[in-house]
Amino acid sequence: MSQLKVAVIGAGSIAVHRHLPEYAQREDVEIVAVCDILKERAEQVAEEYGAKAYTDYKEAITESGADLVSVCLPNYLHAPVSIFALEQGKHVLCEKPMATSHEEAEQMIAASKQAGKKLMIGHNQRFVASHQKAREIIANGELGRIYNFRTTFGHGGPEGWSVDGADSWFFRKKEAFIGALGDLGVHKADLIRYILGEEFTEVAAMVESSAKKNSDVDDQAVSVLRSESGVIGTLTASWAYKGGEDNSTIIYGEKGNLRLEDDPAYSLIASFTDGTRVNYELGQIQTNDSGGQTSSGVVDHFVESVLNDTEPLINGEEGHKSLSIILAALESNETKKNVTIS
Ligand SMILES: NC(=O)c1ccc[n+]([C@@H]2O[C@H](COP(=O)([O-])OP(=O)(O)OC[C@H]3O[C@@H](n4cnc5c(N)ncnc54)[C@H](O)[C@@H]3O)[C@@H](O)[C@H]2O)c1
């Protein structure tokens with residue numbers, strides 16, 4: 001079987017826990033390059049996968065013969081590295097948040113179009129079984145008109161996740177650009193757009209940097225969103241949820257409500273106004289402790305979109321729309337005004 005060759009750029013936690021093992025599981029993909037700015041880290045991870053180690057992303061992309069590139073880098077590098085790879089004729093899977101500005105996101109989309117190569121953003125929440133089922137229930141009209149939601153993603157912070165712990169780039173504005181909102185909030189922005197099948201038009205937010213020392217980014221944010229059809233709800237992101245992660249979403253509609261990833265036993269509970277309650281035992285969501293599903297679904301979807309020449313579910317435009325909600329929340333916090341998303 002002819003194999004697609006992949007270069008993984010950045011050998012930190014997301015590369016090691018998700019991208020690399022998920023590529024390695026596939027017989028139709030060969031990992032040819034692992035790149036990290038830290039030589040020892042690149043070499044150690046590359047050796048594990050029988051790949052060549054690089055410290056320069058440009059060399060890894062141009063010299064390895066890769067067809068695919070996974071961008072697993074600090075946020076400020078997403079756009080430049082993705083654009084470089086696309087210009088070199090590679091298909092790109094870029095981690096979230098897609099970029100640090102509208103301009104960067106637009107440039108990434110343009111580079112993908114110009115090259116005729118796929119660009120996918122790693123919004124794995126769309127591949128979680130409970131989230132997919134909720135989208136189906138709502139699209140079928142089983143919940144009637146949707147009025148309200150609350151979606152939240154919080155944990156103790158990236159020091160428990162990043163390969164560099166408390167010294168991580170996640171806490172430095174120059175590299176991260178945005179904290180919990182970009183790390184966790186953007187996942188929920190993408191998720192709520194996906195579940196409701198609607199775009200959001202208005203955002204108001206309060207953002208704080210109160211929980212972390214040695215950090216110059218936000219570590220918690222609460223935002224209120226309004227959709228094009230008038231659904232309103234809250235989106236919360238936090239690195240200050242001590243003692244356990246909260247990755248839950250509740251949707252309130254005319255005929256009942258859906259509780260997603262809110263109950264330890266049932267990843268989706270549907271309660272209807274006629275008294276019916278349905279407990280769904282679906283695959284659990286992946287957490288930072290690597291619990292839940294063994295595969296995020298992201299890498300498989302990306303590879304299949306390349307093999308079948310189909311548009312990835314979360315292409316550049318989708319990544320940009322989700323990022324726009326977060327950029328609007330930041331603007332709202334700064335201006336102390338509601339921000340309209342055009
Ligand atoms: N989809 C998800 O659920 C999810 C979860 C966690 C992180 N992420 C995203 O993945 C990306 C990476 O995060 P992480 O958790 O792996 O971070 P991490 O801190 O664990 O690793 C980042 C790695 O990038 C390397 N690096 C930095 N600059 C580099 C450069 N110029 N060239 C090559 N390597 C360089 C670092 O040395 C480090 O090994 C971030 O954008 C983050 O938001 C996504």
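Colleague: Which polar backbone atom does an oxygen atom of the ligand approach?

Modeller: One of Ser13. In this predicted model, a ligand oxygen sits 2.9 Å from a polar backbone atom of that residue.

Colleague: And which side chains offer an N or O atom to an oxygen atom of the ligand?

Modeller: Arg41 and His187 both do. For Arg41, the side-chain N or O atom is 2.7 Å from a ligand oxygen. For His187, the corresponding distance is 3.2 Å. Both pairs count as polar contacts because the cut-off is 3.5 Å between N or O atoms.

Colleague: How much of the ligand's accessible area does the protein cover?

Modeller: On its own, the ligand has 850 Å² of accessible area, and the protein covers 93% of that.

Colleague: Which residues around the ligand come nearest?

Modeller: The shell holds 23 residues. Asp36, Arg41, His78, Trp161 and Ser162 come nearest. Arg41 also provides the 2.7 Å contact.

Colleague: How does that shell divide by class?

Modeller: Eleven residues are nonpolar, eight are polar and four are charged.

Colleague: Now the helices. What describes two packed helices?

Modeller: Two things: the angle between their axes and the distance between the axes. Take α4 (residues 78-87) and α5 (residues 102-115). Their axes come within 9 Å and cross at roughly 10 degrees. Angles under 35 degrees count as roughly parallel, so α4 is roughly parallel to α5.

Colleague: Which residues of α4 and α5 meet?

Modeller: From α4, His78, Ala79, Ser82, Ile83 and Leu86 take part. From α5, the partners are Glu104, Gln107, Met108, Ala111, Ser112 and Ala115. By class, that contact has six nonpolar, four polar and one charged residues. Note His78: it is also among the residues nearest the ligand.

Colleague: Where do the axes of α6 and α8 stand, in distance and angle?

Modeller: Helix α6 spans residues 129-139 and helix α8 spans 180-196. The axes come within 7 Å and cross at roughly 35 degrees. His131, Gln132, Ala134, Arg135 and Ile138 of α6 make the contact with Lys188, Leu191, Tyr194, Ile195 and Leu196 of α8. Six of these residues are nonpolar, two polar and two charged.

Colleague: On to the backbone. Is the peptide bond from Lys96 to Pro97 cis or trans?

Modeller: Cis. Read omega: here it is near -10 degrees. Pro97 sits in the loop between β5 (91-94) and α5.

Colleague: What is phi of Asn214?

Modeller: Near 55 degrees. That is a positive value in a residue other than glycine. Asn214 lies in the loop joining β8 (200-208) and β9 (220-227).

Terms used
Residues are numbered from 1 along each chain as its sequence is written. This is a predicted model: local features need pLDDT of at least 70, side-chain atom pairs count only at pLDDT 80 or more; totals for chains, interfaces and linings use all residues. Side-chain values use heavy atoms; hydrogens and water are left out. Axes are lines fitted to C-alpha atoms, for helices over the stretch in contact, and angles run from 0 to 180 degrees between N-to-C directions. Helices (H or I, at least four residues) and strands (E, at least two) are DSSP runs, numbered from the N terminus. Angles under 35 degrees count as roughly parallel, over 145 as roughly antiparallel, 65 to 115 as roughly perpendicular and the rest as oblique. Contact means heavy atoms within 4.5 Å. Ala, Val, Leu, Ile, Met, Phe, Trp, Tyr, Cys and Pro count as nonpolar, Asp, Glu, Lys and Arg as charged, and the others, Gly among them, as polar. A residue is near a molecule or strand if one of its heavy atoms lies within 4 Å of it. A polar contact is a pair of N or O atoms within 3.5 Å; within protein, one must be able to donate a hydrogen and the other to accept it, and residues adjacent in sequence count only if both atoms are side-chain atoms. Accessible areas come from the Shrake-Rupley method with a 1.4 Å probe; for residues, only the protein chains shown count as cover.
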